Every structure is written in C-alpha cells, then in structure tokens.
Amino acid sequence: MTWLAAVVTTVVPPVSTQRAVGYPSLFLLVLIGALVPVVPTGALVSSAAVVAFHQSAPLSMLLVFVTAALAAFLGDATLYWLGRRGMHSKNGSRWLKAIRDRAPEDRLEQAQDKLAAHGVAVLVLSRLVPAGRIPVMLACLLAKWPLRRFSRGNFPACLAWALTYELIGVLGGSLFPEPWEGVVAAVVLTVLLSAAPGLWRRVRGSSPAHRSS
C-alpha cells in the first residue's frame, strides 16, 4: 500500500501548504462539483476533514465546514439562477437541459409531490439524500420558486450537507492512525453512501414482486 500512501500524500499537502492552497482548492472544487457532477464533493469534504482532524486543530475543522458549506451554497444558487434563465429563454439553455437530463422522470415526480406536500423541508433534506439534489432543484424550478425562496431553503441544506460529510471524515480519521488511511476510509464510505440508493432501486426493480406489480 506504499504507492497509495504516496498518492494520498501528494493529494493532501502538508499543513503549511494546505493553509495556502487547500481551502481555496476545496472551495473551488466543491463549487464546480455543485455545477457539474464530475467532482465527488462529499469525498473531498470528508478527506479535508480527515486531515484537519489529524492536525488536532479546531480552527481547521471549522474552516473545512465553512468553506464546503459556502461553496455548495454558491454553486447551487448559481445553477438555480442559470436554470431560471433557461426557463425564461425561448430556446432554453444548456444548463437547464443538463438539470433535466440529470433528473429521471420518476424521481422528478416524487420530488414534485413531496415539494407540494412539505415545501422547504424537502429542499433541506434533498442534499442529504444521494442523487436527491437535482430532482428537487428541478421541481423548484418547475414550481417557479424565485431564487430568494430557493436560497432560504438551500442554505440550511448546505450546512447540514457539509456537517454530515465532515463527520464522516472525522469518523474515518479517528479509526486510523495515518491521515492517508483515514482519507481512503472516508472516500470508500462516501462512495458506498452515494451508490446505495441506486443499488437499492435496482434490487427492488429486479425483484419478482416489483415486476409483477
């Protein structure tokens, strides 16, 4: 596992370097991940929390939390604003199309029903459910929520999301003596959490009872 330790050591810089580069990089990557789902933002936050935990620096833990929550909030707000612009455009926009493409019809219908029944509470929970953010965001767009109303509900959602993944990182960091081991554990755990809903839907869809219904 020496090669893995070397890779993680390269990704997770020393304390002095992290203070200068780590937090701006975390902010930028989480912001991009909120706009384009190619960056595993939860794993990034958990990994940063592992490093902060091993530094035994409460301020570092707080900075990870604030950086991640702020970046997620600004990224969501920007994507929602772009989606609203697309809805008011005759030809739509590639951002609105991207949101629609990432929200399967069945998930969108569920999000619309829950949003109509529970309002902002659904938005708060959407970031804690893997693959739940985009369908709820699209449901808000179709319900013509203004950006201000969306942001009021999304702010506590981003705080809860950042805290959840930071706690996952703290758990990974507390289980292993070396930071790179904790990073690996945190990444594996976040990947499993992200994949669990899709696997469950596949299992349910392939079960005889579900097919007969």
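Guide: Welcome! Buried means under 20% relative accessible area, exposed means over 50%, and partly exposed lies in between, with a 1.4 Å probe and protein chains only. This is a predicted model, where local features need pLDDT of at least 70, side-chain atom pairs count only at pLDDT 80 or more, and totals for chains, interfaces and linings use all residues. Residues are numbered from 1 along each chain as its sequence is written, and side-chain values use heavy atoms, leaving out hydrogens and water.

Visitor: Why does serine 151 count as buried or exposed?

Guide: Its relative accessibility is 15%, so serine 151 counts as buried under the 20% cut-off. Serine 151 sits in helix H9 (residues 147–175), helices being DSSP runs of H or I with at least four residues, numbered from the N terminus. Leaving aside residues up to four places away in sequence, serine 151 touches Phe73 and Ala77, where contact means heavy atoms within 4.5 Å.

Visitor: What makes cysteine 140 buried or exposed?

Guide: Cysteine 140 has 0% relative accessibility, so it counts as buried. Cysteine 158, at 1%, is buried too.

Visitor: How many disulfides does a search of the whole structure find?

Guide: Zero; a disulfide would need a pair of cysteine sulfur atoms within 2.5 Å.

Visitor: Why is aspartate 106 called partly exposed?

Guide: Its relative accessible area is 41%, which falls between 20% and 50%, so aspartate 106 is partly exposed. Aspartate 106 belongs to helix H6 (residues 105–118), and its C-alpha atom is separated by 9.4 Å from that of proline 135, 29 residues apart along the chain.

Visitor: What makes valine 36 partly exposed?

Guide: The value for valine 36 is 32% relative accessibility, so the label is partly exposed. Valine 36 lies in the loop between helix H2 (15–35) and helix H3 (41–54).

Key:
Helices (H or I, at least four residues) and strands (E, at least two) are DSSP runs, numbered from the N terminus.
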